[in-house]
Amino acid sequence: KLADIGVTGLAVMGSNLARNFASKGFVTAVHNRTSAKTRALIEQHGGDGEFIASETTADFVASLAVPRKIIIMVKAGAPTDAVIDELSALLEPGDILVDGGNSQFLDTRRREETAREKGIHFVGSGISGGEEGALLGPSIMPGGSAQAYESLGPILEKISAHVDGVPCCTHVGTDGAGHFVKMIHNGIEYADMQLIAEAYQLLRTAAGLTPVEIADVFAEWNTGELESFLVEITAQVLRQVDAETGSPLVDVILDAAGQKGTGTWTVQTALNLGVPVSGIAEAVFARGLSSAAHQRAGAQKIGLPGPSSPWVVEDKDAFIEQVRLALYASKLVAYAQGFDVIAAGAKEYGWDIDNGAMARIWRGGCIIRAVFLNRITEAFDEDASLLSLLFAPYFTEVMTRAQDAWRAVVAGSALSGIATPGFSSSLAYYDGLRAERLPASVIQGQRDFFGAHTYKRVDKEGTFHTLWSGDKSEVEAS
Ligand code: 6PG
C-alpha cells in the first residue's frame, strides 16, 4: 500500500498535521530528519490512523503514491530550502511539494519557479491555527498552480476546519499567493492582538477593573459582534492566576512582546506596494517598543513626565461600551487595510484573489477567526470590487454607530497618557480617508519649493511649478 500524502518535519505542527491526515482516513507517510521524532509519533499516536514511517528521505519518497504529495513542515528560510533540494532530487514531474511553513512569499515565488522548471508543482501554503488547529482543523491557504490544487485541494479541504459545512481552505492563487495571504492574516493577527491589549489596558487603568473583571467583560463581548478566538482566549489568559505568587499571571509575565517576523513582512510589503497599513504597522511598532528594555528603563529612571491627572472613569458600564466600540471600529480598519494590501499584491503579482473567499476561509481554524468575517464575505460577495471594506453598508453602519465612542476613547487616552497606538492610528486613518481635502496640498507645495518636484492643480490638467526663488509666478512643467 502506498501513502496518499506525506509529511516531513515532525515538530508539533508537522506531527499534528500528520495525525489529522491519518485520522481523516488518508494513508500518511511520515518522515523527520532525526528518526527519534518519527518513532515517537508512531508510538504515541500510531492508533490515529494508517501511517507509513520512513527513516530515510528516499524511503519516504518511495512510500508515496504517484503523483506524490508531500508537505514540508520545517523552519522557514534555509532549512526549508535544504529539504526542498533534497526532495526535488528524488521527485518526478507531476509530483506536488507543499511548503506549509510561514515562508516569505517572495521565497515561495522563487522556489515555485525553480520547481516548475523540473515539472514539479510547488505549493506554498499558509496554515493557521497553531498546534490545535493543525490537529483538529486549520485554516489552509494554498497557492501554486490550479492543476496542483485539483488533486491536492480535496485532501487539504478534508482536514481543514469547516464552518457551516464549508471548508476553510481554497485555492488562493498561483505561486506565492497562499503565503502572501497567510502573511496578511498574520499582520491582521498582530493588529487584532494589539487592539485587544489596548482595550485591556484602558479597562485596567482608566476604569480600574481587575484582570478577572476584564476577563468577564471580554467573555461578555465574546457573545456579541466581537465574538472571536482572540477575544475568547484573552479572557482565559486574564483569568489565569500564577501558582507561585498568587498574582494574576498577566502581572508576572514580562511585558515585552516577541515576534517571528510575519507582521514585519506585512508592513514591509505594504510599504513597497504603497498601501497604508497603519493599524498593522503600529502593532508591530508597539511590540518593538515593548521590547526596547533599555530605553523603557531609561525613561523610568529620568521620569519622563506624563499628564498631571489620571483618567478616572465615573460610569464604568458606559465606558466599557465605548471601549468595545473603539475596539470594533479599529479592528475593522485593520481588516480593511489588510484587504487593501491583498488587492495591491494581487495586482502587482498577477494573482486572481477572491477577497470574499479569503474571509470565508478565515471564519474557522485560524487565529483571527471571528464571527464578523461572515459580514466581510457578504460584503465582497455583494461587490467584489469594493474600494474599501469600510464602504460596505454593514461596516459603514458600524462606523456611524462607533465613532463617537471611538473619539472619546482616543481623546481620553491622549489626555491621560495611556498609549493606544492601535486605536489612535486607526481613527486617524479613518478621518484621513473620509476627509474631502487633505493637507497633502501643503506637502506638494513644500516639495515644489525645495526641489521643484511640481504639483497638479484641482482646476486644470497638467503639471505645474512655482518659481519660488524668482518672481513666484507659475509655469507649466513639461
Ligand atoms: C497562525 C499563527 C502562527 C504564528 C504565530 C506566531 O496563524 O497559526 O499566525 O502562524 O506562528 O502567531 O507569530 P509571532 O511569533 O510573530 O507573534
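**Close-up 1. The cysteines Cys 168 and Cys 366.** A search of the whole structure turns up 0 disulfides, a disulfide being a pair of cysteine sulfur atoms within 2.5 Å. This is a predicted model, in which local features need pLDDT of at least 70 and side-chain atom pairs count only at pLDDT 80 or more, while totals for chains, interfaces and linings use all residues. Residues are numbered from 1 along each chain as its sequence is written, and side-chain values use heavy atoms, with hydrogens and water left out. Why does Cys 168 form no bond with Cys 366? The cysteine sulfur closest to that of Cys 168 belongs to Cys 366 and is 7.2 Å away, which is too far for a bond. Cys 366, too, is in no disulfide. Is Cys 168 buried or exposed? Cys 168 counts as buried because its relative accessibility is 0%, where buried means under 20% relative accessible area, exposed means over 50%, and partly exposed is in between (1.4 Å probe, protein chains only). Cys 366 is likewise buried, at 0% relative accessibility.

**Close-up 2. The ligand and the residues around it.** Here you can look for the 14 residues that surround the ligand; a residue is counted as near if one of its heavy atoms lies within 4 Å of the molecule. The closest are Ser 128, Glu 189, Tyr 190, Lys 260 and Arg 287. Ser 128 places a polar side-chain atom 2.4 Å from an oxygen atom of the ligand. In the side chain of Glu 189, an N or O atom is 2.5 Å from a ligand oxygen atom. Gly 129 takes part through its backbone, with an N or O atom 2.9 Å from an oxygen atom of the ligand. Each such polar contact is a pair of N or O atoms within 3.5 Å; within protein, one must be able to donate a hydrogen and the other to accept it, and residues adjacent in sequence count only if both atoms are side-chain atoms. Taken alone, the ligand exposes 410 Å², and the protein buries 79% of that (Shrake-Rupley method with a 1.4 Å probe; for residues, only the protein chains shown count as cover).

**Close-up 3. The make-up of the ligand shell.** Which helix gives the largest share of the shell around the ligand? With 5 residues, helix α8 (residues 177-205) does. Helices (H or I, at least four residues) and strands (E, at least two) are DSSP runs numbered from the N terminus. By class, the shell holds 2 nonpolar, 8 polar and 4 charged residues.

**Close-up 4. Gln 194 in helix α8.** Gln 194 is another residue to find in helix α8. At 15% relative accessibility, Gln 194 counts as buried. Residues up to four places away in sequence aside, Gln 194 touches Ala 283, Ala 286 and Pro 421, with contact meaning heavy atoms within 4.5 Å.

**Close-up 5. Ser 416 and Pro 310.** Ser 416 sits in helix α18 (residues 393-416) and is buried, at 13% relative accessibility. Its side chain reaches the backbone oxygen of Gly 412 at 2.7 Å. Beyond neighbours within four places in sequence, Ser 416 is in contact with Pro 307, Ser 309, Pro 310 and Trp 311. Of these, Pro 310 lies in the loop between α14 (293-302) and α15 (316-349). Pro 310 counts as exposed because its relative accessibility is 63%. From C-alpha to C-alpha, Pro 310 and Ala 206 are 7.5 Å apart in space, although 104 residues separate them in sequence.

**Close-up 6. Phe 372 between two helices.** Phe 372 belongs to the loop between α16 (355-361) and α17 (373-382). With a relative accessible area of 2%, Phe 372 is buried. Not counting residues up to four places away in sequence, Phe 372 touches Glu 225, Tyr 328, Lys 331, Leu 332, Tyr 335 and Phe 395. One of these partners, Tyr 328, is 44 residues from Phe 372 in sequence and 10.0 Å from it in space, C-alpha to C-alpha.

**Close-up 7. Backbone details in three loops.** Most residues other than glycine have a negative phi, and most peptide bonds are trans. The peptide bond from Val 66 to Pro 67 is cis, with omega near -5°, and Pro 67 is in the loop between α3 (57-62) and β4 (69-72). Asp 175 has a positive phi, near 30°. This residue lies in the loop between β9 (166-167) and α8 and is buried, with a relative accessible area of 13%. Thr 454 also has a positive phi, of about 70°, and its place is in the loop between α20 (440-451) and β10 (464-466).

Key:
Ala, Val, Leu, Ile, Met, Phe, Trp, Tyr, Cys and Pro count as nonpolar, Asp, Glu, Lys and Arg as charged, and the others, Gly among them, as polar.
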